[in-house]
Amino acid sequence: MKRLPTLLLLPALALAALWWGWPAPKGAQVYAQHCAACHGASLQGQPDWARPNAAGRLPAPPLDATGHAWQHSDAALARLVALSMAATAPPGYQTDMPAFAGRLSAAEIRAVVDFIKASWPLGTQASQALLNPNGAAEFARLLQQAGPDAEWTFPGECIPPGTQARPPQ
Ligand code: HEC
C-alpha cells in the first residue's frame, strides 16, 4: 500500500504533461539547459548588454521584449541559434554566442525560438510575426486568438510595415 501513491504519481504526471500541451515545455527545457547560463533564467540578458565587455565582445542580450530579438523573423532567429553570428557578421567578428547546429536539432531550435517568442507581449509578437513570409496571416491569427478585448500596442521602435493596425499609444 505504501507504494501506491508513487505508482499513481507517474500516470498523473504523464496526464498533466499532456494536459499542459506537451511538447511545448521542450522549448523551456532547451532554453534552461543551453541558453539560460548566458541569456538569464528569465531571458533578461547580461548586465550592460549593449556595451562591449573588457574583451571587446558584446554581452548576451535579453531575449525577452526588452532586447531586440523580436526584430528578427523566425528564420533569422533559427539561423542565429544554429550558426551564431556567422550568417550576419563580417568575417573575423568575435562573439561569445555559440553555434548550436549539430548540438540541437532543427525541431529543438524551433521549440526554443517559440519559447522565446511566447515571453513577448501580444503587440511585440504581432509585430515580429509581420517579418515572417506568412506574416499577415500570422498577425491576424494572433489577434484573433487574443480576442477583441485584448489590449495591445506595437513595441515603441516598431514601424508597422503597411498594416492598418493601431499605432502605438
Ligand atoms: C556562452 C554564452 C551564450 C549561450 C550559452 C547562448 N548565447 Fe545567445 N548570445 C550570446 C551573446 C554574447 C550574444 C550577442 C552576440 C553578438 O552580438 O556578438 C548572443 C546573441 C543571441 C541572439 C541574437 C539576439 C539579438 O537580439 O540579435 C539570439 C537569438 C540568441 N543569442 C539565442 C540564443 C539561444 C536560443 C541560446 C540557447 C540555445 C543561446 N543564445 C545560448 C551568448 C550566448
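Visitor: So a nonpolar core is a set of buried Ala, Val, Leu, Ile, Met, Phe, Trp, Tyr and Cys residues joined through C-beta atoms within 7 Å. Which residues in the largest one touch the most other members?

Guide: Val81, Val112, Val113 and Ile116 do, out of 18 residues in that core. Keep in mind that this is a predicted model.

Visitor: Which helices supply at least two residues each to this core?

Guide: Helix 2, helix 4 and helix 5 each do. Helix 5 gives the most, with 6 residues.

Visitor: And Ile116, what is that one in contact with?

Guide: Setting aside neighbours within four places in sequence, Ile116 is in contact with Leu43, Leu63 and Ala69.

Visitor: Leu43, okay. Where does that sit?

Guide: Leu43 is in the loop between helix 3 and helix 4. Its phi is positive, about 65°, although Leu43 is not a glycine.

Visitor: Is Leu43 buried or exposed?

Guide: Buried, because 21 other C-beta atoms lie within 10 Å of Leu43, and the cut-off for buried is 20 or more.

Visitor: What other residue that isn't a glycine has a positive phi?

Guide: Ser84, with phi near 60°. Ser84 comes just after helix 4, in the loop between helix 4 and helix 5 (106-118).

Visitor: How buried or exposed is Ser84?

Guide: Ser84 counts as partly exposed because it has 18 other C-beta atoms within 10 Å.

Visitor: Back to helix 4. Which of its residues are buried?

Guide: Leu77, Leu80 and Val81 are buried in helix 4. They cover an arc of only 95° around the axis, so they sit on the same side of helix 4.

Visitor: Why would residues with that kind of spacing line up?

Guide: An α-helix has 3.6 residues a turn, so residues three or four places apart point the same way.

Visitor: What covers them?

Guide: Helix 5 is included in what covers the buried residues of helix 4.

Visitor: And helix 2, which residues are buried there?

Guide: In helix 2 (residues 25-34), Gly27, Val30 and Tyr31 are buried. Their arc is only 100° around the axis, which puts them on the same side of helix 2. The cover over the buried residues of helix 2 includes helix 3 and helix 5.

Visitor: Switching topic: the ligand. Which residues come nearest to it?

Guide: Cys35, Cys38, Ala60, Thr95 and Met97, out of 23 residues around the ligand. That shell divides into 17 nonpolar, 5 polar and 1 charged.

Visitor: Which helices give at least two residues each to the shell?

Guide: Helix 3 (36-39) and helix 4 (74-83).

Visitor: Zooming out, how many helices and strands are there?

Guide: The protein chain has 7 helices and 0 strands. Of its 169 residues, 17% count as buried. Among contacts between residues at least 6 apart in sequence, 50% join residues at least 24 apart.

Visitor: Where is the confidence lowest, and where is it highest?

Guide: Among the helices, helix 1 (residues 4-19) is lowest, at a mean pLDDT of 63, and helix 3 is highest, at 98. Over residues 163-169 the pLDDT is below 50, and this stretch has 8 contacts in the model beyond near neighbours in sequence.

Visitor: What does the chain average?

Guide: A pLDDT of 86, and 78% of the residues score at least 70.

How values were computed:
Residues numbered from 1 in each chain as written. Predicted model: local features only at pLDDT ≥ 70, side-chain atom pairs only at ≥ 80, totals over all residues. Near = placed C-beta within 6 Å. Helix = DSSP H or I, 4+ residues; strand = E, 2+ residues; numbered from the N terminus. Nonpolar A, V, L, I, M, F, W, Y, C, P; charged D, E, K, R; others polar. Buried ≥ 20, exposed ≤ 12 C-beta atoms within 10 Å, placed from the backbone. Contact = placed C-beta atoms within 7 Å. Arc of directions from axis to C-beta. pLDDT = per-residue confidence, 0-100.
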